[in-house]
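Trainee: I have a protein model open on my screen, and I would like to learn how to read it. Could you take me through some features one by one?

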Amino acid sequence: MRSLRAAQTLLASRSFLLSSRALHAAAASPAAAGRWGNAPPPPPTPTPCPGPSSRAGIAGAVSFSLTFATVAVAEVQAKERLPSDLLPRNVVLYQYQACPFCNKVRAFLDYHDIPYKVVEVNPLSKKEIKWSEYKKVPILTVDGEHLVDSTDIINILQHRISPDDEVTNEEETKWRKWVDEHLVHVLSPNIYRTTSEALESFDYIAKHGNFSYTERFAVKYAGAAAMYFVAKKLKKKYNITDERASLYDAANTWTEALNGRNFLGGSKPNLADLAAFGVLRPIRYLQSGKDMVEHTQIGEWYQRMEDAVGEPSRIPEGQYQE
């Protein structure tokens with residue numbers, strides 16, 4: 001019985017965490033057209049030097065400066081809310097809380113302020129998605145229609161909320177593909193780099209996942225042990241010699257791509273920004289994420305993304321209307 005549980009835990013761990021075989025869906029389809037241009041952010045407004053003016057003049061100048069700054073920050077950080085006629089209805093996300101691809105979808109939904117219900121899938125039994133022929137997450141249902149694969153889900157939603165946007169943004173497409181085919185693959189070797197980091201990650205997973213009380217202990221310890229060895233195999237598969245160096249290189253590659261812009265999309269996040277932010281969100285406050293922010297310049301962009309995406313638009317369980 002004990003060996004059977006260990007086998008189940010290993011299988012579940014490989015299927016819902018950051019293992020590329022299980023979590024990476026089929027090759028990403030061509031990305032939907034970018035919604036925002038790549039115009040660089042406006043230059044900062046110079047701060048006037050106080051001269052021998054009256055108190056009223058100084059107060060007026062300060063008031064104007066603060067008002068302008070407040071409006072500018074709000075413009076950059078505001079959610080991209082949709083008109084009510086374009087807002088998807090009855091949205092349900094079947095997910096694992098720590099899954100990077102599920103977090104990609106959540107970042108898109110949160111940024112556009114699309115209300116959604118979450119169903120946390122038990123990775124051992126997967127009973128919550130037994131109705132589906134597709135046995136991976138994320139699965140998103142919109143008015144009863146089932147959408148699968150994080151990139152395809154976002155493409156379909158983007159087309160629905162911007163039906164007239166047919167211009168292909170090559171830069172956006174390139175970096176969305178980079179997120180799926182490179183960035184996500186450096187995460188597992190870092191999250192499970194040491195036994196203590198593996199336990200840290202699985203402690204979070206056990207607390208936030210859909211597990212019974214008795215499953216949590218096995219998931220935390222057996223899962224951490226299993227993924228520690230899986231991460232070593234992934235490190236070899238993707239020719240990673242130094243886990244942290246590969247993570248820092250990926251973070252630096254992304255910040256260089258920004259080329260001085262607040263976001264890859266310019267003054268507002270585009271789909272590539274949301275994808276990168278989504279897959280990094282599960283690790284941000286783990287040791288690997290803390291090290292990444294400390295040793296690279298990605299922290300400023302990440303903070304801007306947190307501000308832009310804002311509070312989750314997830315519907316609290318007590319407000320579900322069945």
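Trainee: Let me begin with a pair of helices: at what angle do helix H8 and helix H9 pack, and how far apart are their axes?

Mentor: Happy to help, and please keep in mind that this is a predicted model. To describe a pair of helices, we look at the angle between their directions and the distance between their axes. Here, H8 (residues 195-208) and H9 (residues 213-237) pack at about 140°, and their axes are 8 Å apart.

Trainee: What do we call that arrangement of H8 and H9?

Mentor: Angles over 145 degrees would count as roughly antiparallel. At about 140°, H8 and H9 are therefore oblique to each other. Their crossing is right-handed.

Trainee: Which residues make the contact between H8 and H9?

Mentor: From H8 come Thr195, Ala198, Leu199, Phe202, Asp203 and Ala206. H9 contributes Arg216, Val219, Lys220, Tyr221, Gly223, Ala224, Met227 and Tyr228. Sorted by class, the residues of this contact are nine nonpolar, two polar and three charged.

Trainee: Let me try another pair. How do H6 and H11 cross?

Mentor: Helix H6 (residues 170-181) and helix H11 (residues 271-280) cross at roughly 15°, and their axes come within 8 Å. Angles under 35 degrees count as roughly parallel, so H6 and H11 are roughly parallel to each other. The crossing of H6 past H11 is left-handed. On the H6 side, the contact is made by Glu172, Trp175, Arg176 and Val179, and on the H11 side by Leu271, Ala272, Ala275, Ala276 and Val279. Seven of these contact residues are nonpolar, none is polar and two are charged.

Trainee: And what about H10 and H13: at what angle do their axes cross?

Mentor: The axes of H10 and helix H13 (residues 298-309) cross at roughly 70° and come within 9 Å. H10 and H13 are therefore roughly perpendicular to each other. H10 passes H13 in a left-handed crossing. In this contact, Ala251, Trp254, Thr255 and Leu258 of H10 meet Ile298, Trp301 and Arg304 of H13. The classes here are five nonpolar, one polar and one charged.

Trainee: Now for the chain as a whole. How many helices and strands does the chain have?

Mentor: There are 13 helices and four strands. Of the 322 residues in the chain, 48% are buried. The accessible surface comes to about 16300 Å², and carbon and sulfur atoms account for 56% of that. You can also ask how far along the sequence the contacts reach: among contacts between residues at least 6 apart in sequence, 78% join residues at least 24 apart.

Trainee: How do I read a single residue? For instance, is Thr141 buried or exposed?

Mentor: Relative accessibility is the number to look at, and under 20% means buried. Thr141 has 8%, so Thr141 counts as buried. Thr141 lies in strand E3 (residues 139-142). Beyond its neighbours within four places in sequence, Thr141 is in contact with Asn90, Val91, Val92, Tyr94, Trp131 and His146.

Trainee: Asn90 is in that list. Where is Asn90 found?

Mentor: Asn90 sits in the loop between helix H3 (55-77) and strand E1 (91-95). With 59% relative accessibility, Asn90 counts as exposed.

Trainee: Which backbone features should I look out for?

Mentor: As a general idea, most residues other than glycine have a negative phi, and most peptide bonds are trans. Asn90 has a positive phi of about 50° although it is not a glycine. Lys126, in the loop between E2 and E3, also has a positive phi, about 55°, without being a glycine. For the peptide bond, look at Val137 and Pro138, which are joined by a cis bond with omega about 10°. Pro138 lies in the loop between strand E2 (117-120) and E3.

Trainee: One last residue, please: where is Tyr238 found?

Mentor: Tyr238 is in the loop between H9 and helix H10 (243-258). At 27% relative accessibility, Tyr238 counts as partly exposed. Tyr238 and Val186 are 52 residues apart along the chain, and their C-alpha atoms are separated by 8.2 Å.

Key:
Residues numbered from 1 in each chain as written. Predicted model: local features only at pLDDT ≥ 70, side-chain atom pairs only at ≥ 80, totals over all residues. Heavy atoms only, no water. Axes fitted to C-alpha atoms, helices over the stretch in contact; angles between N-to-C directions. Helix = DSSP H or I, 4+ residues; strand = E, 2+ residues; numbered from the N terminus. Parallel < 35°, antiparallel > 145°, perpendicular 65-115°, else oblique. Left-handed = near helix turned anticlockwise from the far one by under 90°. Contact = heavy atoms within 4.5 Å. Nonpolar A, V, L, I, M, F, W, Y, C, P; charged D, E, K, R; others polar. Buried < 20%, exposed > 50% of the residue type's maximum accessible area, 1.4 Å probe, protein only. Areas by Shrake-Rupley, 256 points an atom, 1.4 Å probe, with all protein chains shown as cover.
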